[in-house]
Amino acid sequence: MWEQVQQALSRSTARTLSQVASLLPGIVALLLALLISIVLAWLIAGILRRSLSRIQFDDRVFRWGFLSLPEWSPGKSPTLLAARVVAWTVVFIGFVIGVSAFDSTLTSALVLRVFEYLPNVLAAILVLVVGSVVARFLARSVLIDAVNMNLQYARLLSAGVRWMVMVLTVAMALEHLTIGGGIIRLAFGILFGGIVLALALAVGLGSKDLVSRSIQREANRAAEQSEEPVRHL
Amino acid sequence: MDFDAIPQPAVEHLAQVQGAELLIGVLGANGTSSAVASMVRQALEGFPHPPRAVLVVDKGAAEPRLENEQPLAVLFCRLSDATSSAASPQGFFSAYHTIFGIGRGIGARACTVIASQLQTVTPLWITQLVRPALDMEFDLVTPRYARHKWEGLINRSVLSPLSRALYGKRIQNPMGPDLGLSARMMQPLIEDQAKARGASRGNPLASVLATAVRCNFQICEAQVGARLQPPLDWMNLSSLLAQILGPVFLDVEQNAAVWQRVRGSHAVPGFGPAETAPEEGGPVDAGRLIESFHLGAKNLQDVWSLVLPPTVLLEIRKLSRLPLEQFRMLDEVWVSIVYDFALAHRVRTINRDHLLRSFTPLYLGWIASYAQEMGSAGPFEVEARLERLAQAYEAGKPYLVSRWRWPDRFNP
C-alpha cells in the first residue's frame, strides 16, 4: 500500500512540477517583457520629458487655454503628466505582450478582449479632449459677450455653458466605454433636463424680477447711450 | 482694361469712356445719386482745367447705367452689397477694391473714394482730396475732419497714434474712409489684394498707409469739413472693434519689416483751411463706462492674464478700485495694452475673435478716463492731450519691437 501511495505522490509531484516547468518559460517571458518595457518606458519618458521641457510645453499648455490641466498633473507639470502617461502605456503594452507569452486560451482571450476594447478607450479619450476644448471655447465666448453686454451674471452664464457641455461630453465618453449602459443615458437625461428645468424655473420664478430689471436696465442704457455725443469712428 | 471685379454690363459702359484722368467713387449713395453727380460737377468746375472724370456711384441692385457727358461721365452700378459700413463692412470693403480696379482699368491718374454719409459731403471735399493726387504728385491723400472732442475715439485712442508710432506719419485718419489716391498708389493696393485672394479679404483701409510708406510714396492730408456719423448701437461696439482692430493688427503683422525700420515721426503736408468743429452735444456719462470697465476687470482677468503682462494687470486692478472722480488710465498702461493685444493677435495666444472682443471693456475704460480728463477742455487742450498719448505710443515702440522679435522672452 505504501508503495502505491508513494507512486501516486511521485506521479502527482512529477505532474505538478512538469506543469510548473511548462509555465516557467511564460513567467520568465512575462518578467523579461516587463523588465524590458520598464527600461523602455523609463528611456522614452526621459526623452519625452526633456523634449517637452525644451519647447516649454507647460507654458504652451497654459497659453493654449488648458488652465486646469496643471492642477491635475503630478507636480503641477503637464510635461510630467505626459511623460508618465506614455511610460505607463509602454509598461502596459509590455505586460500584455508578456501575458500573451503564456500561450494559453485564457490569456489569448484576455489579450483579445483588451485589444478589442482599446478603440473604445481611445474614442472616449478623444471625445473628452474635444469636449473639453469645445466647452472652454464656448464658455469663454459666452463670458466675453456677456461682459460686453454688461450682464452682471456673465460668469454664471459662462460656467453654466461649460458644465452643460462637460456633462454631455462625459455622458458620451461613458457611452463609448460601454459603462453604465442605460443608467448613464437615463442619468444624463435626468441631469441635463434637470439643469435646463432649474434654469427655466430660476429665470421664470426665482429671478424673474432680477432678469427683467437687468434687461430693462440694458434697454434704458442703450437708449441713453445713443443720445450721448461719443462717436467711435 | 482690367475690370474683373465689376459686373459685365458696367464693363461695357466703361469701355465707352475715353481718356478719363480722374475716377471718383461714391459708396452708399442710394437715393441721392443725382445730387452726387451735381456735387461732383460743381467740384470739377473749381479746377482751372477740369479733368475728364468718371464718377462711379454705388446704385445698389439696379441695372448699370452710364451718362456719358463732358467733362463728367457718370456710371451708376452696384459696387457692394452693403449700403453702409455698419451694415456689412466686408461688402463695403470690397467696394474699395472694385473702385481701385476700375481706376486702373480706365487708366485714371487719380482716384477718390467718398464713403462718408453724403449729407455733410461738399464739393470742397472732392476738390481737396483730388487736387494733391492729380496736380501735386502726392500719392495718398488722407482726410482731416473737423471734429469735436468726443468724435473719432477709436481713431484718437488707437489708430492714429499707433500708425504714427509704427510708420512715422502724423495723420489724423490713417484709415480714411474718404481717400484720394494716385495711379501709382492704386497699383500696389490692387496687387496686395490679388495676393490675398483666396485667403480672407481684409479691410483695404487698414493697409493703405503701410503700403504708401513701404513704397516710399508721398502722403498728405486734406482738410475737409465735419463728418456726420449715426449714433452707434453700443451693444455692437465689440463687433465694431473686432472689425476695425482685426485688420489693423493683421496689417501690423504683415508689415513688420517696414515699421521696425521706422524711427520717430513727422507731420505730413496739409492742404485747405481748417474748419470749425461741430457742437459737442451733451456730456459723456463716464460712470456707465467705468461700470463696464469694472465688470470686465472682475470677469475677464483669466483672459487678460493670457495677453497682458503682470504689471499691466496690476494697474488694471488698481484702476478698478479707484473712485469715479479719480479714475485715470495712464498713457503707458494704455499703450502697453494696445501693443500686447497686437502681439497676442500675432502669436495667437487665444482665439483672435475672443482677443479682439475682450478689448472692449479696456477701450471703454480709456474713454472713461479721457472723458474725465477732457470734460471741460477746449480744442487746444484736447490736441495737447492727444499729442502726449501719441508720444507715449512712440516711447513704447522699442517694447513692441523687442517683444515682436522675441515673443517668448516674456510669458504672461
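## Exercises on a predicted model

Of the 137 residues in the largest nonpolar core, those touching the most other members are L23(B), V40(B), L55(B), V56(B) and I99(B). The model is a predicted one, and the exercises below start from this core.

**Exercise 1.** Determine which helix gives the most residues to the largest nonpolar core, and from which domains of chain B this core draws at least three residues each.

*Solution.* The helix that gives the most to this core is helix 13 (residues 331–347) of chain B, with 10 residues. Turning to the domains, the core takes at least three residues from each of domain 1 (8–271) and domain 2 (286–405) of chain B. For a view of one well-connected member, take I99(B): when its neighbours within four places in sequence are left aside, I99(B) is in contact with L23(B), G25(B), V56(B), L79(B), C111(B) and V113(B). A second, separate core has five residues, among them A41(A), A45(A), A83(A) and A87(A).

**Exercise 2.** Describe how helix 10 and helix 15 of chain B pack, giving the distance, the angle and the handedness, and then the classes of the residues in contact.

*Solution.* Two packed helices are described by the angle between their axes and the distance between those axes. Here the axes of helix 10 (residues 286–299) and helix 15 (residues 360–374) of chain B come within 8 Å and cross at roughly 145°, and the crossing is left-handed. On the side of helix 10 of chain B the contact includes L289(B), I290(B) and F293(B), while helix 15 of chain B contributes residues including L364(B), I367(B) and A368(B). Sorted by class, the contact between helix 10 and helix 15 of chain B has 11 nonpolar, four polar and no charged residues.

**Exercise 3.** Summarise the secondary structure of chain A, and state how much of the chain counts as buried.

*Solution.* Chain A has eight helices and zero strands, and its pattern along the sequence reads α-α-α-α-α-α-α-α. Of its 233 residues, 17% count as buried. Among the contacts in chain A between residues at least 6 apart in sequence, 61% join residues at least 24 apart.

**Exercise 4.** Is R217(A) buried or exposed, and in which helix of chain A is its place?

*Solution.* R217(A) lies in helix 8 (residues 208–226) of chain A. Its C-beta neighbours inside 10 Å number 12, and a residue with 12 or fewer counts as exposed, so R217(A) is exposed. As for its separation from Q7(A), the two residues are 210 apart in sequence, and their C-alpha atoms are 100 Å apart in space.

Definitions and conventions. Residues are numbered from 1 along each chain as its sequence is written. Chains are lettered from A and ligands numbered from 1 in the order in which they are written. This is a predicted model: local features need pLDDT of at least 70, side-chain atom pairs count only at pLDDT 80 or more; totals for chains, interfaces and linings use all residues. Helices (H or I, at least four residues) and strands (E, at least two) are DSSP runs, numbered from the N terminus. A residue is buried if 20 or more other C-beta atoms lie within 10 Å of its own, exposed if 12 or fewer, and partly exposed in between; C-beta atoms are placed from the backbone. Axes are lines fitted to C-alpha atoms, for helices over the stretch in contact, and angles run from 0 to 180 degrees between N-to-C directions. A crossing is left-handed if the near helix is turned anticlockwise from the far one by less than a right angle, and right-handed if clockwise. Two residues are in contact if their C-beta atoms, placed from the backbone, lie within 7 Å. Ala, Val, Leu, Ile, Met, Phe, Trp, Tyr, Cys and Pro count as nonpolar, Asp, Glu, Lys and Arg as charged, and the others, Gly among them, as polar. A nonpolar core is a set of buried Ala, Val, Leu, Ile, Met, Phe, Trp, Tyr and Cys residues joined through C-beta atoms within 7 Å. Domain bounds come from an automatic or database domain assignment.
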